[in-house]
Amino acid sequence: MVKHQPLQVYEKQFFVSFVTGIYGCRWKRYQRSQEDSSRWECAWFSILSTSFLLLLCWAYFWLVAQNDFNEFNWLVYNRSGEWRDETVPILASTTVGFTYVTFLMLLALFHISLGQQLNLYWVHKIGVLATLLTTVSGVVSVDDMWSSEWDILLVSLQATAPFLHLGALATVTAISWLVAGYVIRRERSNFQMIVLLLYIVILLVLYLAPLTFTCPCVMDRHSLRPRPDIIGRRGAPMLAPENTLVSFNRALQQGATSLEADVTISVDGVPFLMRDRTLRRTTDVTKIFPSRQYDDASFFNWTEIRSLNAGGWFLETDPYWTVETLTARDRSRIGNQTVCGLVEMLRLAARANCSVLLNIRRPPPDHPRYRSWFMDTLWAVQKAGISHKRVTWTPDTDRGRVRGLQQTANEKLSMEEIRQRGITSLTLHYSKASPKDIQEYQANNVSVTVYPVNEAWLYSIFWCSGVASVSSDAPQVLRKVPYPIWLMSQNAYSFIWIASDLVSFAVVVGIFCFQKWKMSGMQNYNPEQIVLSAVGHRSSRDVNIMKEKLIFSEVNNGMSSTEELSLFPENGHVRFSHGDSSR
């Protein structure tokens with residue numbers, strides 16, 4: 001007998017080839033499989049998923065940490081002794097790694113939805129491991145040198161939690177298609193039940209998550225307090241060198257109602273403005289006094305300090321990428337700046353009729369002015385001619401010697417401690433000022449200033465919380481925030497929350513029902529019907545005919561064992577041929 005070689009009809013599957021080719025370097029049809037993935041490949045999918053989630057949190061952390069990039073670079077400078085913008089390589093590597101892992105994650109999900117076997121290419125395995133290890137080392141490094149910054153994650157959720165909740169709900173709802181396709185199968189296993197229960201738990205947690213949210217901007221707009229005053233922290237350090245006259249002038253031009261400065265006492269008792277312990281970062285002390293560049297700034301006399309240039313470093317290092325926006329006149333003025341004395345800054349504030357917040361660094365114990373620093377500062381205030389009521393300083397010490405000057409505590413205190421000290425204002429880091437604490441202080445007539453606030457979302461949070469003022473390195477940014485970036489009543493948010501939960505639940509139930517109906521329909525098809533449908537639904541010009549032997553199960557529709565079924569597309573039809581087994 002001459003047996004006819006059966007033909008199998010294939011359609012071109014460009015998308016499947018793209019997905020399997022990029023993910024596992026399986027570009028040909030014969031390289032692909034629809035069998036269950038091996039445990040090894042499932043383990044690699046778990047590693048990929050872990051990398052994606054970790055990088056997602058890592059990217060979110062650096063997104064909200066933009067508020068404190070200046071603090072991060074200053075911290076790195078104090079450790080290394082060199083000023084560099086260390087956020088640039090971190091952001092670049094995070095962007096590349098997150099994009100790469102997200103792309104692989106999408107390809108893996110497409111594999112699952114298309115019923116393709118997972119088989120991650122070895123090059124991608126190396127890339128995923130490298131990305132994971134790099135991210136883990138970054139997390140460990142931040143935890144070691146900047147652990148206090150993790151608090152910004154919880155603070156940021158006060159602004160982003162409602163939107164992250166909707167995004168997470170949409171994502172988990174969409175994943176129900178994959179979960180339903182895996183759970184609703186002919187074969188049943190305990191692992192399928194575990195996956196289903198885990199998915200239901202995650203879905204319920206998301207449905208109820210808003211009950212735990214604390215969002216100050218979910219409030220009645222009529223209860224919104226006046227816009228917080230903006231304090232120019234060291235002036236406007238993103239537009240001009242910090243703690244210089246030109247920087248304070250810029251802050252006033254950008255809408256700051258108060259000024260904040262760091263005060264150090266020179267060896268001859270003259271208060272001047274300097275943030276760092278040494279003069280290396282913000283002056284040319286390495287050129288003028290190279291042998292003393294690591295000395296404490298307070299051990300220089302005023303004549304020596306005044307001879308230093310305090311603006312050239314800003315033009316050379318461009319710490320905030322803003323030098324290109326300066327005019328030639330501004331650059332010339334900045335380049336000629338000298339270290340600013342406290343008296344000069346106070347006189348500027350007196351002319352502008354604004355208040356001043358002074359952060360005074362006490363001299364070391366072996367300093368000549370160690371015991372007289374208070375009188376030196378008070379002398380500068382009196383000499384400047386500014387009203388004592390407009391001057392506030394920290395630390396909160398020597399209260400018995402203060403006559404008419406305002407003092408503020410820079411630590412979180414209980415109301416009992418505040419009453420004992422007679423304090424009327426607090427200056428707190430934003431991570432220490434919760435909405436509940438701010439409301440309690442307000443109820444007891446204690447004014448709260450929060451620092452540093454450099455981003456619009458953070459400014460909006462504390463505006464809704466009701467703080468009186470914020471201290472900012474970027475008054476030019478906050479100036480452009482005339483209203484909280486979002487404000488919503490409790491009823492409106494409750495409606496959005498409940499409606500989104502109901503829509504999600506309806507979609508999930510619909511997807512599971514559809515997958516159940518689809519699976520029951522497939523069980524009613526026999527192999528012959530599937531093959532005949534694949535051949536006849538398109539013309540021969542639209543299909544790619546590949547000669548491969550088909551292995552059919554024994555035919556149960558009455559055909560004898562000596563009959564063979566052959567498929568030959570002739571003019572769009574299917575022809576059957578019979579052979580004699582005895583021949």
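Is the crossing of H2 and H5 left-handed or right-handed? In this predicted model, the crossing of H2 and H5 is left-handed, and the points below take up that helix pair before turning to other parts of the chain.

1. The pairing of H2 with H5. Helix H2, residues 39–64, and helix H5, residues 122–145, have axes that come within 10 Å of each other and cross at roughly 40°. The two helices are therefore oblique to each other, since an angle counts as roughly parallel when it is under 35 degrees. The H2 side of the contact includes the tryptophans Trp40, Trp44, Trp58 and Trp62, together with residues such as Ile47, Leu48, Leu54, Leu55 and Phe61, and these meet a set in H5 that includes Val128, Leu129, Leu132, Val136, Val139 and Val142. By class, the contact of H2 with H5 holds 15 nonpolar, 4 polar and 2 charged residues; Glu41 in H2 and Lys125 in H5 are among the residues that take part.

2. H5 itself. Helix H5 has 24 residues and spans 35 Å from its first C-alpha to its last, which is close to the 34 Å expected at 1.5 Å a residue. Its buried residues are His124, Lys125, Gly127, Val128, Thr131, Leu132, Thr135, Gly138 and Val142. What covers these buried residues includes H2, helix H1 (14–24) and helix H4 (87–114), and among the buried positions, Lys125, Val128, Thr131, Leu132, Thr135, Gly138 and Val142 also appear in the contact with H2.

3. The pairing of H1 with H4. Two of the helices that help cover H5 also pack on one another: H1 and H4 meet at an angle of about 130°, with their axes 10 Å apart. H1 and H4 are therefore oblique to each other, and their crossing is left-handed. By class, the contact of H1 with H4 has 12 nonpolar, 2 polar and no charged residues. In H1 the participants are Phe15, Val16, Phe18, Val19, Thr20, Ile22 and Tyr23, and in H4 they are Phe103, Leu104, Leu107, Ala108, Phe110, His111 and Leu114.

4. Ser156 in H6. Ser156 is found in helix H6, residues 151–183, and is buried, with a relative accessible area of 0%. Leaving aside neighbours within four places in sequence, Ser156 is in contact with Tyr60, Val64 and Trp457. Of these partners, Val64 is 92 residues away along the chain, while the C-alpha atoms of Ser156 and Val64 are separated by 6.8 Å.

5. Glu242 in a loop. Glu242 is found in the loop between strand S2 (229–233) and helix H8 (245–253), and, with a relative accessible area of 9%, Glu242 is buried. Not counting residues up to four places away in sequence, Glu242 touches Arg234, Pro237, Ser247, Arg275, Arg281, Thr282 and Trp313, so that the arginines Arg234, Arg275 and Arg281 are among its contacts, where contact means heavy atoms within 4.5 Å. Glu242 and Arg275 are 33 residues apart in sequence and 8.6 Å apart in space, C-alpha to C-alpha.

6. Gln476 in H18. Gln476 is found in helix H18, residues 475–478, and counts as buried at 14% relative accessibility. Its contacts, apart from neighbours within four places in sequence, are with Met238, Leu239 and Gln254.

7. Backbone points to check by eye. Which peptide bond is cis? The bond from Tyr451 to Pro452 is cis, with omega near -25°, and Pro452 lies in the loop between strand S9 (447–451) and helix H17 (456–465). Asn353, a residue other than glycine, has a positive phi, near 60°; Asn353 is found in the loop between helix H13 (342–352) and strand S5 (355–361), and counts as exposed at 51% relative accessibility, the cut-off for exposed being over 50%. Asn445 likewise has a positive phi near 60°, lies in the loop between helix H16 (435–443) and S9, and counts as exposed at 69% relative accessibility.

Definitions and conventions. Residues are numbered from 1 along each chain as its sequence is written. This is a predicted model: local features need pLDDT of at least 70, side-chain atom pairs count only at pLDDT 80 or more; totals for chains, interfaces and linings use all residues. Side-chain values use heavy atoms; hydrogens and water are left out. Helices (H or I, at least four residues) and strands (E, at least two) are DSSP runs, numbered from the N terminus. Buried means under 20% relative accessible area, exposed over 50%, partly exposed in between (1.4 Å probe, protein chains only). Axes are lines fitted to C-alpha atoms, for helices over the stretch in contact, and angles run from 0 to 180 degrees between N-to-C directions. Angles under 35 degrees count as roughly parallel, over 145 as roughly antiparallel, 65 to 115 as roughly perpendicular and the rest as oblique. A crossing is left-handed if the near helix is turned anticlockwise from the far one by less than a right angle, and right-handed if clockwise. Ala, Val, Leu, Ile, Met, Phe, Trp, Tyr, Cys and Pro count as nonpolar, Asp, Glu, Lys and Arg as charged, and the others, Gly among them, as polar. The expected span of a helix is 1.5 Å times one less than its number of residues.
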